[in-house]
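Here is a friendly briefing to read with the structure open beside you. Take the topics in any order you like.

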Amino acid sequence: MAASVCDKLFTSFECRSSSRIESLRHSHSNTTASFHHLSSSYSVSRFPPKLQQRQQVSTTGKSRIVAMVWPKPASSAPLPPSLLDDETETGTNGAVEVNGSVSSRYSFLKCDGSKAVHAAERLGRGIVTDAITTPVVNTSVYFYKKSSDLIDWKEKRKFSFEYGRYGSPTTAVLEQKMSALEGAESTLFLASGMCTSVVMFMALVPAGGHIVTTTDCYRRTRVFIENLLPKMGITATVIDPADVGALEAALENNKVSLFFAETPTNPYLRCVDIKRVSELCHKNGALVCIDSTFATPINQKALALGADLVVHSATKYIAGHNDVLAGCVSGSEKLISQIRSLHFILGGTLSPSAAYMVIRGMKTLHLRVQHQNSTAMRLAKFLQTHPKVTQVHYPGLPSHPEHELAKEQMTGFGGVVCFDIDGDLNKTIKFVDSLKIPYIAPSFGGCESVVNQPAIMSYWDLPRPERLKYKIYDNLVRFCVGVEDYEDLRDDILQALEAI
């Protein structure tokens, strides 16, 4: 195999110190002659990132060259054009210019300040297409080389990005990846899961519209539906996740715009019959949006089951490392375009850096979720046999009220296990505080296991009677499995149970 250009170029690589260059400079009468003498034996070539430095000697106005130099390659191995262009020049001020500091392409930039801002960028830059990882395009604006390009984009003859709130190349990759996972025509990523739900509601439910949702759900979603949507004339019917009769009544008695539910739900992991609900709602002209955060697209395909939209708090399993906030909604191009148009107005943009982190997390999504499914299933079976646990809430167990449904519409049951301690608030606190591996924290789906008491973590601001109205009992524990080994988590739970 022929040697590469880099092999030939760097076979006898040598780094010359500034003192070596200085001695060469003093051995000649002027800087230009010195440089020509040096270049007769060595070639100073461009090598990104540029390693050459240029230092001004203030007393003489001449340049001291501090550069990496190496013997010229043999003539039989010519350098690529990218390493040969912009040969060494002598600047107009008498200073030696190395590697095209004065470039004909940027001759309109006369001052260093302008060069620092615009050189290598103002006339366009190459797009990296051969990097394994998706580049982070950190910019808030995109430019057009001429007005006709802008007009072409405005009139939809040409695609382009324009402004960071409207998207970025990094985020576009993430959205396409999620669309592929969910089997969707289009996906929109936003700054958080809650932001996604809010924009979706506002985009698709008209003033005076009606929503049907379920009793068991994320508290902030309930607050938005019950307290904020009524200010826009939007009302809601709240039903049990499995009460199909209540859904039929709501559809008959109201002009329902949207059915929205988590499945599995938070925190009791109840399951909604997505196929049945979608059939009923579509007959009555209502859309169906499923929050599949607890399931992930690895365990459940809501769109394939008939839902119109599926949302995720991508902060959880999708990103999977407890280090970034994100949310997304997937569905038809028509519906996502409606949501995207409102998003352009409201903001809540996912930054390119955050998009990159979610992309990185998604590459191990299936591995993490499969492990978490397995560990959670084993923990649920273990917990239901322990005398200090009165009930385990996990759709993978036959004791779960929607176990048969979960088996039909899910391929795995997720990494969250909820259970009731045989004791009061303080006894449950003692159990949680005795655990050594999981963090006491909100959220779930990351590599680290976390645990909390919903009564404290999510509902502590409510009086106990109000908490009981939502079935948030003092002895309820939500254990969110990370990627640790099952044996370590089991033993930790066991010693914590023995401590109470």
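What follows covers two sheets, a pair of packed helices and a few backbone details.

Please keep in mind that this is a predicted model. Let us begin with the strands: seven of them form one open sheet, and five form another open sheet. The pairing is mixed in the seven-stranded sheet, and it is mixed in the five-stranded sheet as well.

**The seven-stranded sheet**

- Reading across this sheet, the strands come in the order β8-β14-β13-β12-β11-β9-β10.
- At the edges stand β8 (186–190) and β10 (235–239), and each has a single partner strand, so one side of each is left without a neighbour in the sheet.
- From one strand to the next, the twist averages 20°.
- The edge strand β8 pairs with strand β14 (residues 327–331) in the antiparallel sense, over five bridges.
- To find this pairing on your screen, start from serine 186, whose bridge partner in β14 is glycine 331.

**The five-stranded sheet**

- Here the strand order is β15-β16-β19-β18-β17.
- β15 (389–393) and β17 (439–440) are the edge strands, each pairing on one side only.
- Strand β16 (residues 416–421) runs antiparallel to strand β19 (residues 476–480), and the two pair over five bridges.
- A handy landmark is aspartate 420, which has leucine 476 of β19 as its bridge partner.
- Helix α15 lies across β15, β16 and β19 of this sheet, and its direction is at about 15° to β16.

**Helix α15 and its partner α20**

- A pair of packed helices is described by the angle between the two axes and the distance between them.
- For helix α15 (residues 365–383) and helix α20 (residues 486–498), the axes come within 10 Å and cross at roughly 30°.
- Angles under 35 degrees count as roughly parallel, and α15 and α20 are therefore roughly parallel to each other.
- The crossing in which α15 passes α20 is right-handed.
- On the α15 side, the contact is made by Thr375, Arg378, Leu379, Phe382 and Leu383.
- On the α20 side, the contact residues are Tyr486, Glu487, Leu489, Arg490, Ile493, Leu494 and Leu497.
- Sorted by class, this contact of α15 with α20 has eight nonpolar, one polar and three charged residues.

**Cis peptide bonds**

- The peptide bond from threonine 263 to proline 264 is cis, with an omega near -5°.
- Asparagine 266 and proline 267 are also joined by a cis peptide bond, with omega about 10°.
- You can look for proline 264 in the loop between β11 (256–262) and α11 (274–283).
- Proline 267 lies in the loop between β11 and α11 too.

**Positive phi angles outside glycine**

- Asparagine 322 is not a glycine, yet its phi is positive, near 55°.
- This asparagine 322 is found in the loop between β13 (309–312) and β14.
- Buried means under 20% relative accessible area and exposed means over 50%; asparagine 322, with a relative accessible area of 38%, is therefore partly exposed.
- Serine 443 has a positive phi as well, of about 70°, although it is not a glycine.
- The place to look for serine 443 is the loop between β17 and β18 (450–452).

Key
Residues are numbered from 1 along each chain as its sequence is written. This is a predicted model: local features need pLDDT of at least 70, side-chain atom pairs count only at pLDDT 80 or more; totals for chains, interfaces and linings use all residues. Side-chain values use heavy atoms; hydrogens and water are left out. Axes are lines fitted to C-alpha atoms, for helices over the stretch in contact, and angles run from 0 to 180 degrees between N-to-C directions. Helices (H or I, at least four residues) and strands (E, at least two) are DSSP runs, numbered from the N terminus. Angles under 35 degrees count as roughly parallel, over 145 as roughly antiparallel, 65 to 115 as roughly perpendicular and the rest as oblique. A crossing is left-handed if the near helix is turned anticlockwise from the far one by less than a right angle, and right-handed if clockwise. Contact means heavy atoms within 4.5 Å. Ala, Val, Leu, Ile, Met, Phe, Trp, Tyr, Cys and Pro count as nonpolar, Asp, Glu, Lys and Arg as charged, and the others, Gly among them, as polar. Two strands pair if DSSP finds at least two bridges between them. Buried means under 20% relative accessible area, exposed over 50%, partly exposed in between (1.4 Å probe, protein chains only).
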